[in-house]
Amino acid sequence: MTWTYSPRFHIRRRGIPEKDIEQYIPRLNTVSDVVWETWKANAPKPATLRFYAVDGVINDVAAPLIDYLLERDAEPDEMGWEGRLTYGLDSDEGKALFGTPSGLAVAWLLIRNHGILGRRDLR
């Protein structure tokens, strides 16, 4: 399981003095770094990245929001892919989801790898 919060976040929570943090941080500093390196190692053409899916979200920001949206909008007998819910980034729900740690990981991956991926539209 990968936590969306960065190593820097966890190191700070452990009380490591700010001046000493750099020595504890790995080169793969965020979940988006791990996702990108995995994609790059396995994709014949890394620039072809088209989808980024997040499964099993358990962080304290996104999970309650997802639970709320499922309770509010999902049909109980339509759970699964066919009954999936989608929210565009032009909706309040989509903006809220994109502002969670899981959504921000997508943004960070696109920003950090813009030279290879180019401009991408998010929906």
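In this predicted model, a polar atom of the N113 side chain lies 2.8 Å from the backbone oxygen of L109. N113 is found in the loop that runs between helix α5 and helix α6, the latter spanning residues 114-117. The relative accessible area of N113 is 12%; because this value is under the 20% limit, the residue counts as buried. When neighbours within four places in sequence are left aside, N113 is in contact with W36 and G118.

L109 and W36 also belong to the largest nonpolar core. This core has 6 residues, the other members being L49, V106, L110 and L117. Helix α5, which covers residues 101-112, gives the most to the core, with 3 residues. In soluble globular proteins, nonpolar side chains tend to be buried together. For V106, a member of the core, contacts with Y52 and F98 are found once neighbours within four places in sequence are set aside.

A second side chain that reaches a backbone oxygen is that of T100, one of whose polar atoms lies 2.7 Å from the backbone oxygen of L97. T100 is placed in the loop between α4 and α5. With a relative accessible area of 4%, T100 is buried, because buried means under 20%. Apart from residues up to four places away in sequence, T100 touches V61, A62 and L65.

Y68 is located in helix α3. Its relative accessible area is 48%, and Y68 is therefore partly exposed, since this class lies between the limits of 20% and 50%. Y68 and T100 are separated by 32 residues in sequence, and their C-alpha atoms are 14 Å apart in space.

The largest pocket holds about 1600 Å³ of space. Its lining consists of 36 residues, and those nearest the centre of the pocket are Y52, A53, V54, Y87 and R123. Y52 is also one of the residues in contact with V106. By residue class, the lining divides into 21 nonpolar, 9 polar and 6 charged residues. Helices α3 (62-73), α4 (92-98) and α5 each supply at least two residues of this lining. Helix α5 gives the most, with 5 residues. Helix α5 thus gives the most to the largest nonpolar core and also to the lining of the largest pocket.

Note on methods
Residues numbered from 1 in each chain as written. Predicted model: local features only at pLDDT ≥ 70, side-chain atom pairs only at ≥ 80, totals over all residues. Heavy atoms only, no water. Core = buried A, V, L, I, M, F, W, Y, C linked by side-chain atoms within 4.5 Å. Buried < 20%, exposed > 50% of the residue type's maximum accessible area, 1.4 Å probe, protein only. Helix = DSSP H or I, 4+ residues; strand = E, 2+ residues; numbered from the N terminus. Contact = heavy atoms within 4.5 Å. 1 Å grid on protein atoms, 1.4 Å probe; cavity = no way out; pocket = protein on both sides within 12 Å on 5 of 7 lines; lining within 4 Å. Points joined across faces, edges and corners; volume = space filled by probe spheres on them. Nonpolar A, V, L, I, M, F, W, Y, C, P; charged D, E, K, R; others polar. Polar contact = N/O pair within 3.5 Å; in protein donor to acceptor, adjacent residues only side chain to side chain.
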